[in-house]
Amino acid sequence: MDMYKLGFKEEEAVLRKVAEPVTEFNQQLKDQIKEMIEFMINSNGVGLAAPQIGDSRRLLVVGFDDMKPMAFINPEIIETSMDENVYEEGCLSVPGMYAKVTRPKRIKVQAWNERGRPFTIEADGMLATVLQHEIDHLNGVLFVDHLNERNKDKILKKYFKTMGIQ
Ligand code: NI
């Protein structure tokens with residue numbers, strides 16, 4: 001499993017694509033979820049979306065602190081709060097870069113688990129932010145896209161410089 005990163009043409013193309021729904025709930029999917037959770041933990045991430053490993057399907061895993069890592073398949077945000085939260089975000093696909101991002105504080109998400117069962121979850125605080133960040137990945141959106149133009153330019157310049165790109 002490889003981490004797809006911004007600034008590498010083919011990898012960026014996958015990261016920028018709108019992912020396709022998962023249609024088959026089978027053993028292959030369960031195995032992949034297990035691998036994604038391991039990869040996320042080994043990469044010190046709090047979430048990982050399938051496009052980040054080059055799989056353009058609507059699938060993500062999250063896990064941090066004492067929460068049991070879990071998968072969200074074909075997730076949809078069905079409710080968002082008016083009040084917002086600001087968290088310093090980073091992304092395994094834009095390694096080393098961090099910026100404050102404002103997002104709704106609470107969300108309700110509907111998704112399917114690896115056994116093909118639908119569920120809804122109300123998320124608050126960090127979980128709400130992580131889920132929104134990961135669901136963004138399924139729509140080809142990265143956290144830097146939430147910054148104003150000036151800050152986005154700044155962080156991308158710094159990123160490309162650190163990565164030795166361009
Ligand atoms: Ni990310």
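**Note on the salt bridges and helix H3**

1. The side chains of Lys152 and Asp145 meet in a salt bridge, with N and O 2.9 Å apart. The model under discussion is a predicted one. Lys152 counts as partly exposed, its relative accessibility being 25%.

2. Asp145 has a further partner in Arg16, and here the closest N and O atoms are 2.6 Å apart. This pair links distant parts of the chain: Asp145 sits in the loop between H3 and helix H4 (149-163), while Arg16 sits in the loop between helix H1 (9-15) and helix H2 (27-42). The two residues are 129 residues apart.

3. On accessibility, Asp145 is partly exposed at a relative accessible area of 27%. Arg16 is likewise partly exposed, with a value of 32%. Both assignments follow because a residue is called buried only under 20% and exposed only over 50%.

4. Arg106 and Asp83 form another salt bridge, their closest N and O atoms lying 3.2 Å apart. Arg106 belongs to strand E6 (residues 106-112) and Asp83 to the loop between strand E3 (70-80) and strand E4 (84-90), so the contact ties together parts that are 23 residues apart in sequence. Arg106 is partly exposed at 34% relative accessibility, and Asp83 is partly exposed at 33%.

5. How do the pairs that share partners fit together? Salt bridges with shared partners join Arg16, Asp145 and Lys152 into one network. Asp145 takes part in the bridge to Arg16 and also in the bridge to Lys152. In general terms, side chains of opposite charge can pair when their charged atoms come close. The count of salt bridges in the model comes to eight, among them the pairs described in this note.

6. Helix H3 covers residues 125-138, which makes 14 residues. At 1.5 Å a residue the helix should span 20 Å, and its end C-alpha atoms are 21 Å apart, so the expected and modelled spans agree. The expected figure is 20 Å because the rise is multiplied by one less than the number of residues.

7. Is H3 mostly covered or mostly open? H3 is mostly covered, with 13 of its 14 residues buried. Just after H3, Gly140 adopts a positive phi of about 75 degrees. The loop between H3 and H4 also holds Asp145, the residue that bridges to Arg16 and to Lys152.

Definitions and conventions:
Residues are numbered from 1 along each chain as its sequence is written. This is a predicted model: local features need pLDDT of at least 70, side-chain atom pairs count only at pLDDT 80 or more; totals for chains, interfaces and linings use all residues. Side-chain values use heavy atoms; hydrogens and water are left out. Helices (H or I, at least four residues) and strands (E, at least two) are DSSP runs, numbered from the N terminus. Buried means under 20% relative accessible area, exposed over 50%, partly exposed in between (1.4 Å probe, protein chains only). A salt bridge is a side-chain nitrogen of Lys or Arg within 4 Å of a carboxyl oxygen of Asp or Glu.
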